[in-house]
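Q: Please take a close look at a single helix of this structure and explain how its residues are placed and paired.

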Amino acid sequence: MIDFVTIKEVKLKLGELCKSKRQSYDMSQEDLGEAIGLSRYTIQKFENGKNATLDTVLKIANHFDLLKQLKKGIDKTIEDENNISLY
């Protein structure tokens, strides 16, 4: 069985994570937008899986202290690909 992930699914998951983190900090979309230099509308679109620019993702990740985790995941992927054995 092939297990694949679509871009839309990832965008929706990122939006869910953003909304969950924002609510756990008791922030409105407006509050988050102001804190990271984006509009409430951009946050609303992001949370609905409709605007996942790299800048938006990184600004939100940075605000909620998720950049280190994101970088670790990227580093691990690179390391795993470099450690592929042909034997």
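**A close look at helix H5**

A: In this predicted model, Lys 76 and Asp 80 form a salt bridge, with their closest N and O atoms 3.0 Å apart. Both residues belong to helix H5, where they are four residues apart, about one turn of the helix. Asp 80 has a relative accessibility of 38%, so it counts as partly exposed, since that class lies between the buried limit of under 20% and the exposed limit of over 50%.

A further salt bridge joins Asp 75 to Lys 71, and here the closest N and O atoms are 2.7 Å apart. This pair also lies in H5, again with four residues, about one turn of the helix, between the partners. Asp 75 is partly exposed as well, at 34% relative accessibility. A search of the whole structure finds four salt bridges; one of them links Arg 22 and Glu 47 at 2.6 Å, N to O. Because Arg 22 lies in helix H1 and Glu 47 in helix H3, that pair ties together parts that are 25 residues apart in sequence. Both Arg 22 and Glu 47 are buried.

Helix H5, which spans residues 67–82, also contributes to a nonpolar surface patch, as does H4; each gives two or more residues. The patch covers about 510 Å² and is made by Leu 54, Leu 58, Leu 67, Leu 70, Ile 74 and Ile 78. H5 gives the most to this patch, with four residues. Leu 70, which lies in H5, is partly exposed, with a relative accessible area of 36%.

Conventions
Residues numbered from 1 in each chain as written. Predicted model: local features only at pLDDT ≥ 70, side-chain atom pairs only at ≥ 80, totals over all residues. Heavy atoms only, no water. Patch = residues over 30% accessible without salt bridge, like charges linked within 9 Å, V, L, I, M, F, W, Y side chains within 5 Å. Areas by Shrake-Rupley, 256 points an atom, 1.4 Å probe, with all protein chains shown as cover. Salt bridge = Lys/Arg side-chain N within 4 Å of Asp/Glu carboxyl O. Buried < 20%, exposed > 50% of the residue type's maximum accessible area, 1.4 Å probe, protein only.
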